[in-house]
Amino acid sequence: MNELDSLVESAVQLFAQSASPAELENAKAQFLGKSGRVTELMKGMAQLSVEEKKSCGAAINMAKQAIEAALTARRQALADAELQVQLKAEALDVSLPGRQRGQGGLHPVSLTLERIEGIFGSMGFDVAEGPEIETDWFNFTALNTPEDHPARSMHDTFYVEGGTAAAPNLLRTHTSPMQIRHAVQHVKKHRAALDAGQSMPEIRVIAPGRTYRVDSDATHSPMFHQCEGLWIGENVSFKDLKVVFTDFCRTFFESDDLVLRFRPSFFPFTEPSAEIDIQFQTGPLAGRWLEVAGSGQVHPNVVRNMGLDPEKYIGFAFGMGPDRLTMLRYGVNDLRLFFDGDIRFLSQFQ
Ligand code: DAH
């Protein structure tokens with residue numbers, strides 16, 4: 001191999017080893033630069049004869065062209081590689097599944113509350129909401145609950161700041177205060193008619209919401225839900241309570257053969273009072289009595305605290321636990337699951 005061939009060879013090799021354009025330009029300088037090897041060879045021709053210049057010059061030129069061709073090819077190869085890297089970095093991988101927006105849904109207890117509102121709404125009941133921080137007047141006293149009643153004990157009531165010793169504030173322990181609040185508003189609206197000896201439209205309302213007690217285990221949570229019901233008129237009887245509540249339960253559980261039992265009980269704000277038990281005839285809970293609500297005929301003292309004459313107005317009330325209804329409907333056995341916020345549990349209800 002003559003000198004020129006090996007020069008071309010080593011240029012090609014060096015170009016091939018150049019991994020970046022900058023490196024390549026350095027390599028180029030070694031051959032084609034001002035004092036590059038090709039340039040030196042050309043300078044060296046000065047001493048040659050005219051004949052020699054011709055043949056030697058032609059040979060050097062060919063070598064130079066070969067080196068330039070290799071340089072151009074390598075430049076192109078490097079530029080192509082760089083472009084490939086850039087394209088790869090910027091590429092959209094259309095085979096990746098899109099990032100989906102998480103789909104929200106209603107909490108199972110909210111689903112139950114909506115269901116309760118829908119069913120009672122179809123029976124002509126309004127829906128009322130009230131404060132979770134209550135006064136002891138609405139939570140206890142107005143509901144005919146004497147001051148030494150166990151329900152007032154520190155053990156199950158969360159007292160909160162803001163009241164007075166004589167009238168402390170508390171987190172409502174039930175939704176029953178809404179009986180008084182709603183009835184008082186209703187009576188106020190119809191005061192003129194009542195004062196004129198006319199009758200007022202019936203009070204027919206449910207009041208769902210959060211309630212609080214110092215209690216926590218698999219079936220009790222310090223925060224839980226209740227839904228109050230109240231129907232007051234001139235001629236509303238215990239029979240109406242039975243009809244309304246039976247209808248509600250059968251619709252709620254979509255079970256026409258559901259059996260109800262009104263078991264005598266005590267609540268300060270009703271007389272007589274009853275716990276309401278239900279019994280499924282089919283399914284995993286068939287045959288068992290399950291308590292779902294407290295109820296009763298509204299006590300005359302409570303009717304009086306509503307601003308009504310208990311000789312003329314009478315009715316019934318009930319208070320049920322939507323959390324428990326949700327557990328029964330879906331077969332959930334630990335109440336705490338509802339309030340842990342575990343998406344794996346909650347997403348099953350969507
Ligand atoms: N407030 C009662 C409780 O929390 C439930 C209740 C019982 C509500 C009887 C009522 C009723 O309206 O008439 O245990």
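How far is a nitrogen atom of the ligand from an N or O atom in the side chain of His-174? In this predicted model, the gap between those two atoms comes to 2.9 Å. That makes a handy place to start looking around, and the rest of the binding site follows from there.

Stay with the ligand for a moment and look at its oxygen atoms. The side chain of Arg-213 places an N or O atom 2.8 Å from an oxygen atom of the ligand. Gln-179 also joins in, with a polar side-chain atom 3.0 Å from a ligand oxygen. On its own the ligand has 350 Å² of accessible area, and the protein covers 90% of that.

Now zoom out to the shell. There are 15 residues around the ligand, and the ones that come nearest are His-174, Ser-176, Arg-213, Gln-226 and Glu-228. Sorted by class, the shell has nine polar residues, four nonpolar ones and two charged ones. If you'd like to trace where the shell comes from, follow three strands: E6 (223–233), E9 (289–298) and E10 (314–320) each give at least two residues to it. As for the site itself, the ligand sits in the largest pocket.

Next, step back to the whole chain. The protein's secondary structure adds up to 13 helices and ten strands. Its overall dimensions are worth a look too: along the principal axes, the C-alpha atoms fill a box of roughly 140 × 50 × 40 Å. The radius of gyration is 45 Å, whereas a compact globule of 350 residues would have one near 20 Å.

Before you leave, two spots in the backbone deserve a visit. One is the peptide bond from Glu-271 to Pro-272, which is cis, with an omega near -5 degrees. You'll find Pro-272 in strand E8, which covers residues 270–279. The other is Asn-144: this residue is not a glycine, yet its phi is positive, at about 60 degrees. To locate Asn-144, look in the loop that runs between helix H6 (136–139) and strand E3 (159–160).

Key: Residues are numbered from 1 along each chain as its sequence is written. This is a predicted model: local features need pLDDT of at least 70, side-chain atom pairs count only at pLDDT 80 or more; totals for chains, interfaces and linings use all residues. Side-chain values use heavy atoms; hydrogens and water are left out. A residue is near a molecule or strand if one of its heavy atoms lies within 4 Å of it. A polar contact is a pair of N or O atoms within 3.5 Å; within protein, one must be able to donate a hydrogen and the other to accept it, and residues adjacent in sequence count only if both atoms are side-chain atoms. Accessible areas come from the Shrake-Rupley method with a 1.4 Å probe; for residues, only the protein chains shown count as cover. On a 1 Å grid over the protein atoms alone, a cavity is a set of points where a 1.4 Å probe fits but cannot get out, and a pocket is an open set with protein on both sides within 12 Å along at least five of seven lines; lining residues have an atom within 4 Å of a point. A molecule sits in a cavity or pocket if more than half of its atoms lie within 2 Å of its grid points. Helices (H or I, at least four residues) and strands (E, at least two) are DSSP runs, numbered from the N terminus. Ala, Val, Leu, Ile, Met, Phe, Trp, Tyr, Cys and Pro count as nonpolar, Asp, Glu, Lys and Arg as charged, and the others, Gly among them, as polar. The radius of gyration is taken over C-alpha atoms; the globule rule is 2.2 Å times the number of residues to the power 0.38.
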